[in-house]
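Me: Please take a close look at a single position in this structure, and then relate it to its surroundings. A connected account is preferred to a list.

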Amino acid sequence: MNRKHFFPNWDCLTCARGLFIAELVSLFVSTSLTSAIEVLLFGCVLLCMGRFRTRIVFSIRQPMVVMTLVFIGVLCLGLFYGPVATSEKLAVLKGWRKLLLLPLAAILFDDVRWKQRLTWAMIGIATFCMLRSYWGLSGHGSTIVVHNHATQGMFFAVAAFAAIVFAFSESVQRSFLPRWLLFLSGIFLVVNAIFVTSGRSGYLALFVLSAVAPFVLLRGRFRIALAASVPFALLLLLAFSPVARERIDMGIGEVQNYKQAEEYSSM
């Protein structure tokens with residue numbers, strides 16, 4: 001008997017897509033749950049590799065996937081550089097394994113509806129985490145609710161970008177959520193990334209996305225002016241944020257004094 005006899009309604013593509021979205025949500029909830037879903041996800045993909053063969057060939061040609069694979073190659077080359085013990089290098093390389101999810105997403109999410117569902121899930125979990133972070137300002141828990149400040153900053157920056165793009169887009173199905181609520185979510189995510197979350201990686205992500213956003217959302221010469229003015233406004237906000245100023249000054253100090261440092265710094 002073949003697999004279809006036991007699972008007459010089996011759809012490995014839908015299953016893999018659902019597991020991927022569950023993986024995205026669990027990333028910010030439970031490490032053990034994430035590992036379990038990860039095993040199921042890659043198991044599902046391997047089980048249905050024959051069906052995904054055409055998708056793999058198509059996705060691997062995308063610039064996003066090509067550059068991700070190049071970056072993974074650079075990380076592997078880093079194993080042969082520097083005086084750090086090989087075991088430590090391998091441990092750091094293992095921490096980048098989540099990069100493999102990006103080529104996998106390109107394979108699974110070629111359908112617009114499923115891309116939107118994945119993005120809605122990201123915006124939803126980011127907004128929930130953002131509200132918990134603000135709640136932490138009142139003394140009820142920590143303001144860092146997503147692993148660490150670097151991860152939280154980048155996650156909030158990307159989710160804010162997605163929410164604002166969805167708010168502008170007419171093609172996105174948002175009948176269950178008004179446009180103003182998406183704008184509000186995006187704004188509060190940006191404010192949290194700048195004034196609450198002390199993640200320099202988040203500041204960099206915001207700076208890049210703020211320069212890209214006008215070209216994604218607008219047409220004509222006006223977008224060029226916004227592409228220059230929006231990042232400048234972001235720099236002003238960072239300058240007025242005590243949290244951001246402290247983290248940036250610390251990073252500059254770590255770069256300037258790395259030779260005298262007794263331990264590895266985050267920079």
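Reply: Gly 220 has a relative accessibility of 42% and therefore counts as partly exposed, since that class lies between the 20% limit for buried and the 50% limit for exposed. The model under discussion is a predicted one. Gly 220 is placed in the loop between H11 and H12. From Leu 19, which is 201 residues away along the chain, Gly 220 is separated by 40 Å, C-alpha to C-alpha.

That separation may be set against the dimensions of the chain. Along the principal axes, the C-alpha atoms fill a box of roughly 65 × 55 × 45 Å. The chain has 13 helices and zero strands, and its pattern along the sequence is accordingly written α-α-α-α-α-α-α-α-α-α-α-α-α. Of its 267 residues, 36% count as buried.

The helices on either side of the loop lead to a pocket. The second largest pocket has a volume of about 500 Å³. Its lining comprises 21 residues, and those closest to its centre are Ile 164, Val 190, Ser 210, Ala 213 and Val 230. Two or more lining residues come from each of H9, helix H10 (179-195), helix H11 (200-217) and helix H12 (222-240). What is the chemical character of the lining of the second largest pocket, by class? It has 20 nonpolar residues, one polar residue and no charged residues.

Helix H11 also holds Arg 200. With a relative accessibility of 17%, Arg 200 falls under the 20% limit and so counts as buried. A polar atom of the Arg 200 side chain lies 2.8 Å from the backbone oxygen of Arg 247. Arg 247 belongs to helix H13, residues 242-256, and at 13% relative accessibility this arginine also counts as buried. Between the C-alpha atoms of Arg 247 and Ile 123, which are 124 residues apart along the chain, the separation is 26 Å.

Helix H13 further contains Met 250. Whereas Arg 247 counts as buried, Met 250 counts as partly exposed, at 36% relative accessibility. The C-alpha atoms of Met 250 and Ser 266 lie 9.9 Å apart, with their positions 16 residues apart in sequence.

Helix H9 connects the account to another pocket. The largest pocket encloses about 1,900 Å³ of space. It is lined by 36 residues, and Leu 27, Lys 98, Leu 99, Leu 101 and Leu 102 lie nearest its centre. Helix H9 (149-168) is among the elements that supply at least two lining residues here, together with helix H2 (12-26), helix H3 (31-47), helix H5 (63-77), helix H7 (101-108) and helix H8 (112-136). The largest share, six residues, comes from H8. By class, the lining of the largest pocket has 20 nonpolar, 11 polar and five charged residues; the lining of the second largest pocket, by contrast, has no charged residues.

Several of these helices also take part in aromatic contacts. The structure holds six aromatic pairs. One of them joins Phe 20 and Phe 109, whose ring centres are 5.3 Å apart and whose planes meet at 70°, so the arrangement is edge-to-face. Phe 20 sits in helix H2 and Phe 109 in the loop between H7 and H8, so that 89 residues separate the partners and the pair links distant parts of the chain. Phe 20 is buried, at 8% relative accessible area, and Phe 109 is buried too, at 4%.

Trp 120 and Phe 166 form another edge-to-face pair, with 5.0 Å from centre to centre and 70° between the planes. Because Trp 120 lies in helix H8 and Phe 166 in helix H9, this pair ties together parts of the chain that are 46 residues apart in sequence. Both Trp 120 and Phe 166 are buried. A contact of another kind involves Trp 114: Arg 117 lies over the face of its ring, at 4.6 Å from the ring centre.

Returning to the starting point, Gly 220 is a partly exposed residue in the loop between H11 and H12. Those two helices are among the elements that line the second largest pocket, as is H9, and H9 also contributes to the lining of the largest pocket.

Technical notes: Residues numbered from 1 in each chain as written. Predicted model: local features only at pLDDT ≥ 70, side-chain atom pairs only at ≥ 80, totals over all residues. Heavy atoms only, no water. 1 Å grid on protein atoms, 1.4 Å probe; cavity = no way out; pocket = protein on both sides within 12 Å on 5 of 7 lines; lining within 4 Å. Points joined across faces, edges and corners; volume = space filled by probe spheres on them. Helix = DSSP H or I, 4+ residues; strand = E, 2+ residues; numbered from the N terminus. Nonpolar A, V, L, I, M, F, W, Y, C, P; charged D, E, K, R; others polar. Phe/Tyr/Trp six-rings, centres within 6.5 Å; stacked < 30°, edge-to-face > 60°. Buried < 20%, exposed > 50% of the residue type's maximum accessible area, 1.4 Å probe, protein only. Lys NZ or Arg CZ within 6 Å of the ring centre and 35° of its normal. Polar contact = N/O pair within 3.5 Å; in protein donor to acceptor, adjacent residues only side chain to side chain.
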